[in-house]
Every structure is written in structure tokens, then in C-alpha cells.
Amino acid sequence: MANKKDLSENSIYTHYVLPAFIKAGWDLQKQIREEVYFTDGRIYVNGDKTKRGVRKFADVILYYKPNIPVAIIEVKKNTLTLGAGMQQVLNYGAILDIPVVFSTNGDGFIEHDRSGSSSIIEHELSLENFPSPKEIWLKYQHYKNIKTPKAAKIAEFNYFYDVSGRTARYYQQIAINRSVEAIANGKNRLLLVMATGTGKTYTAFQIMYRLWKSGTKKRILFLADRNALVDQAKRGDFKHFKEKMTIIRHKEIDKAFEIYLALYQGLTNYDEDTDAYREFSPTFFDLIVIDECHRGSAAEDSAWREILDYFGTATQIGLTATPKETNDVSNIDYFGKPIYTYSLKQGIEDGFLAPYKVIRFGLNIDVEGWRPEQGKTDKGGALVDDRIYNNKDYDRLLVIDERTKLVAKQVMAFLRKTNVYDKTIIFCVDIEHATRMRQTIVNEAQDLVLENYKYVMKITGDDIEGKRELDNFINPEERYPVIATTSKLMTTGVDAQTCKLIVLDANIGSMTEFKQIIGRGTRVNEAFGKQFFTIMDFRNATDLFADKDFDGEPVMIKVVENVDDETDTLDDVIFGTSDEVTTDDESTSTPPPELPTAETPVIIGGGEITEEPRAKVYVAGVEVTLLSERVQYLDENGKLITGSLTDYTRRSLLKEFTSLDNFLTRWNSSEKKKALIDELEQQGIILENLREDVKKDLDIFDLICHVAWDKPALTRRERANDIRKRDYFTQYSEQAQKVLRACWINMPTLVLNTLKI
């Protein structure tokens, strides 16, 4: 065998490390995995092109059971010290929630144990003394506070094995394991926070399956508030429950099943004596999983909470991308602090979620406000109230035809520039606004609508035809509908894998609602060319990206247990929920209480009668122009920055190369220029796309020098012509001229760089 110091990392692993595992009792086929990639590599967006960043991987992960990782090993060459990989592997251990990590160079191991089971955190081991599976499993149990044999048996129970080969992503694995472990330890209220598009339903299925199959939980209820959520779950991950599963429809109860799927409103009749869920005994269910729990179940006085209180002995797991935390409504107050959070920012960083760019539009009447001229009348001939109107009024109280037309024009201009068949959701103020927006898009896209009238559809809670098209809209295989105008119906629970454009023409004051809307675009579907999405913002709603709460850890705001009940404001009641009403069967279900109308004014705490809803005022003949259009890119830190593609790339280049001399040194010392170019692309600098933005056919060297250090944007031919005109080489000796002319034939860029021309 070659000298140990000369061996590669792979050879060190094969000849020294792997034999140590096998000797300690680790199963080569079932418990040892090599080069475990656990991220997909961040997607960098540069203009209209994308590039994947580097995927993270661990050299070796040891598993006690499949999907239960208990140790990570970082292998280094023997020329390095035994602990050279320790800080790297500690980082991976923290990410993957694995308590025991090892660094090795083939001479032995450094073990770092953060399980708390030993008085020594870090110590050295020989190759002959690597821990056995049982030894590390005991450390893992201590780390997870698993104290009894019964709890250990639940915690180690197998996942559902999918013959298709699908396995849990690392963050799903953490969420599943933590949930099962917490329940094994007796915890009965759990909250999982996972960004939209990260597979909450699959995570829920694996939790339910393991607890059900192990006999820990025998009857399980999965609660949602949208038909789409229930139907997607049944057709998708939950299909493996087969004949043991049923959906409760028409409030008909059959107690012969073990897995139940239901809508909240499918179990209630708003009448305590006839509520369908009361046909079950309070102890019938052992486990309840509440999808999108930020909605109805967050409020103490909601009818949906009554279901959870009724089945209070059951273990209850809340799932949400956006826990609701206000002074009056709190998921954390009910479920407890999240046992795991996987954020949008982390999902984008890992490459599992699609990044975005934002185009913000400033319309003259939005920026400056609009005041009707003297004697201005609406379409009905009535005088328009003389005051200054702004974004909060448009389409809610005041409708300006020209504004709607300009928004539609900008949307279609963008789609015609990119792809007119890119799935698009336009979020409007209310259903009436969504109706008008659909009609305006129809007239702006006449050629496409003539091809198929379903090119644009209104998909709202009141429109049966539109709701029927929802499945087609979210189906990547279906071209139509292309554009959906909506209000509230599509803010949550819509798995729009190929949605590439989100248009915000509604005032969004709720961070929860904003996160849910953005979540409609975050799914990645590379098979259909969906790697990023664009947000067109006409209402300054994307200001919320700058809010510290946008992607921070959820923090409980509610600080008192007994607060005075307060109803929603009139605006919330009238404009905030009309599109969210869903029943399990519209023809037979008892409808929810009617929203207030002009005949039923709302009384808000204190007994005062509020102002009745105002009819909208419709005006035309207003000059509406586009004052500004600003593009914002998502930088490497997950922050939106404003500027052109060229400016964005310049900043990135100057971070990569501290000076022109630094760049020249690396360029000239790089054996393969492609390697350097690939390295730049890993940082999101896509040079081919930049060349299009500069609008000049520069070679890569000149392109970088021009963008980063303002060197003249001369093409190779322009430089060559300049050299010939000036007969530049004659200033050198005859021998030097020969060398320069020879180099010029094959490496003109290098010559120009060397001579600093």
C-alpha cells in the first residue's frame, strides 16, 4: 500500500475508517451511508437565467434505523490533523440535529458528544475503539430525553417505506423525528412551523403513519379548512392508508375507520345540539393533526377551536407556515413553542424553495394620491366626494377604470416579454375587484383568450366554475387556466408548483397573509422550468419583506390569559373573509353565518352601531401613468436589493475579487478558465446573462473588467483593430515582438491584459 500520507480522503476512508465501523458492529448495507447530500444547492437568479449553488454533503452518516441518523463523520487526508474536520462536522451536526460527530484522518477519531450523556464533550479514540450502534443510540436517547423502553420503542419505529424510492429531506426527517419523540415522551400539544412548499403534508403523513402503525395512536383525525387540502392529501401522501381511511362528507359519520380526513366546517353546524363531531365520543381520537392551524384554530372563541377542545384528550399537532401571533390570537399559546421551524429563508438557501425577484410599480395616483376635479361625477352621474384618495381606497371604496387597465397592461407586457403561458395569480382587494381584473385582462390579451377562453379565470369562493378550474390551474400538465384572478381563496393551501408570477394589487396588512401569498410561488418544479418566480407589486406590499418578522422565529405576543373578547373590525368582516368561506358540500351543508349587510349593521364591543358598508364609487376619465418601475433582487443573504442586473453583478464581483489585480492574478493562474467561471456561477454571477444586459458581445475577461472596474467595453475585434492601427508592438524589442505576435494569435486577451491595454 502507498504511504498513508499520500492517500486521498477516499482511500483513507476505505482502508482505515470503514473497517473501524464494521468492527464496531455497524451494518454496511443498512446503517452506513457515504457522501450524503442533504441540500439541493441554492438557486441563484441573474436576470432570467438561474444557476445552482454547491450542494452540502456529509462524508459519512451513521443511522441506528433508516431515517434516524445518530452520528456524522468527517474524513480528512492523513497530512492533516486528527481533528481538522471538527468545526465543519459540528456545523453539519447542528443543521441535521445529530448529537454525536467525529473527525478523522485515518489514525483514529476525535469524538464530540453534545448529548450530555458524558462528562467529557470531546476526546480522542483509537480506530479499534469506535462506538457500537447501541452505544451511540444510548447517547441519542439521552440527547432526546427518551427515558423509558416504551418511549424508545416508539421513537425507533420505522418510517413508511415508499417503493418509488422517495425519502424524507433532512428538515422533514428532523420534524418527523422530533414530533414522534416528543409524543413518545408524553407531550400532547405540538407546533411545527414549515415554510410553504416544504412538504408539510408528507411530514404529517410520516408522523401519523409511524404512530398509527406502532399502535401508539389508533384513531387519527386530519383537519383542514379547504376541500383542496383534504383532496390533495387523500390523492397524494395519504393514499397509503388505503381502506383504513375515509373523508367525512355531508356531515355523515361512519365510526368503522381509523384515519379520518375532514374540514372544520364539515364537522360543525353552528348549533351545539347538531354539530356532527359530537357523534364521536370525546375520547374517540388519539391524535388530531391540524393543517394550516394559523387560521381558525388559533382563536379561542372560534367554532373550530370547539372541536379541538371537545377532543381535548387527543394529542394535537398544529402545522403551519405562518403561526398566528397577536394579542388576541396565538398558536403558541395553545400548542406551545414550535418543536421545529424550517423557514422560507433556509429553504431558499438550501435550494428546496424558489427564490424571487420583485418589480415594484409606482403609479401617479398611488404615489401622489388623487383628488377629483370640481364637479367630477361617477359613472352614475353622482358627484364624487371631494377629498384625496389613495391606495387604501382604490378598488375598495373607489374604482378607477384607468388604474385597473394600467395594471392589466403591465402584467401582460411582462408575460409577453417572458412567456404568455407562465402560470400567474393576481391577488385583488375583493371578489368584485377580481371580477373586473379578469375582464380587463381578457381585453388586454384578446389573442390569447380567443385561443382558449380559459386563459384567464376568476377563482374565488363565490364562483363555482372558477373553483372547478383550480385543479387545472395547479396541475403542471394543464396549460389552462394561465392567469387566475382571486382575492382570498388562493392565499393558502394551493399547491401551485408552476406559478411563476404573483401580482399584488391588494392592500396586505397581515404578515400571516403576506407570507401565505408569497408561498404560492415558492415551490420548485425543474421538470417544468420553474426555478424562481417574480412578484409584481402595485401596492407597496413588499415593504413587508423588510419587516423583522417576515422570516424570523415565531414569537408569542399574547401575554395574558384572560382578555376581553373583541370582534373583528367592520373592514375585516366585510372585506377580509368573504372569499375564505368554504363548505364541504355547497348544496347541502349548513352555511356559516351571513356577513353583515346594509340591513344588519355590526355592533362592536360597547354597543355602538358602526357605519354601514359603503357602496363603491366608479369613475373613469382619470389620467393614470407609470411613474417608476424598480427591480429588486434577492442577494446571497436573503435580502432584497435594488439595482440593475449590472449593478447587482458588480457588487458580487467586487466581493469575490477585492481588486483588479486580485482578479488578474486569479485569472492568469487558473489552469482552466471554465473552473473560475463555474466558481463565479456558484456565487450567482451568470456571465452569459450579464452579456445580454450589457448589450455587447464581449469576451468573458473583458466583460468582467468592464462591469466591475469600468474598463472600456471593447470587443476582441475592436481591440485587435486598435492594436493594428497603433502598431503597438513596435515599441518592444524584435525578440519581444515575435513572442507577443505569437501569443496574439491564440491568446489576445492575455496579451492585452499583460500589456494593460
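Here is a short conversation about how some descriptions of this predicted model are reached.

Student: Let's start with the whole chain. How many helices and strands does the protein chain have?

Tutor: The secondary structure comes to 26 helices and 27 strands. Of the 757 residues in the protein chain, buried residues make up 54%.

Student: Why is Leu90 called partly exposed?

Tutor: Its relative accessible area is 24%. Buried means under 20% and exposed means over 50%, so Leu90, at 24%, is partly exposed. You will find Leu90 in helix H2, which spans residues 86–96.

Student: What does Leu90 touch, leaving aside residues up to four places away in sequence?

Tutor: Leu90 touches Val101 and His112. Leu90 and Val101 are 11 residues apart in sequence, and their C-alpha atoms are 6.6 Å apart.

Student: How do you know that a contact can be claimed when the C-alpha atoms are 6.6 Å apart?

Tutor: Good point to raise! Contact means heavy atoms within 4.5 Å, whereas the 6.6 Å runs from C-alpha to C-alpha. The contact of Leu90 with Val101 therefore rests on heavy atoms within 4.5 Å.

Student: Why is H12 called oblique to H13?

Tutor: Helix H12 (residues 401–417) and helix H13 (residues 431–444) pack at an angle of about 55°. Roughly parallel requires an angle under 35 degrees, and roughly perpendicular runs from 65 to 115. About 55° fits neither range, so H12 is oblique to H13. The axes of H12 and H13 are 9 Å apart, and H12 passes H13 in a right-handed crossing.

Student: Which residues meet there, and what classes do they belong to?

Tutor: Among them, Val407, Ala408 and Val411 in H12 meet residues of H13 that include Met437 and Ile441. By class, the contact of H12 with H13 has six nonpolar, two polar and five charged residues. Lys405, Lys409 and Arg416 in H12 are among the residues in this contact, as are Arg436 and Glu444 in H13.

Student: What makes a set of residues a nonpolar core?

Tutor: The residues must be buried, be of the nonpolar kinds that count, and be joined through side-chain atoms within 4.5 Å. The largest such core here has 63 residues, and Ile72, Tyr170 and Phe222 are among those with the most contacts inside it. Helix H5 (residues 170–184) gives the largest share of this core, nine residues. A second, separate core of 39 residues includes Phe361, Ile441, Val442 and Val503.

Student: And which residues does Ile72 touch?

Tutor: Not counting residues up to four places away in sequence, its contacts include Val60, Ile61, Val89, Tyr92 and Phe102.

Key: Residues are numbered from 1 along each chain as its sequence is written. This is a predicted model: local features need pLDDT of at least 70, side-chain atom pairs count only at pLDDT 80 or more; totals for chains, interfaces and linings use all residues. Side-chain values use heavy atoms; hydrogens and water are left out. Buried means under 20% relative accessible area, exposed over 50%, partly exposed in between (1.4 Å probe, protein chains only). Helices (H or I, at least four residues) and strands (E, at least two) are DSSP runs, numbered from the N terminus. Axes are lines fitted to C-alpha atoms, for helices over the stretch in contact, and angles run from 0 to 180 degrees between N-to-C directions. A crossing is left-handed if the near helix is turned anticlockwise from the far one by less than a right angle, and right-handed if clockwise. Ala, Val, Leu, Ile, Met, Phe, Trp, Tyr, Cys and Pro count as nonpolar, Asp, Glu, Lys and Arg as charged, and the others, Gly among them, as polar.
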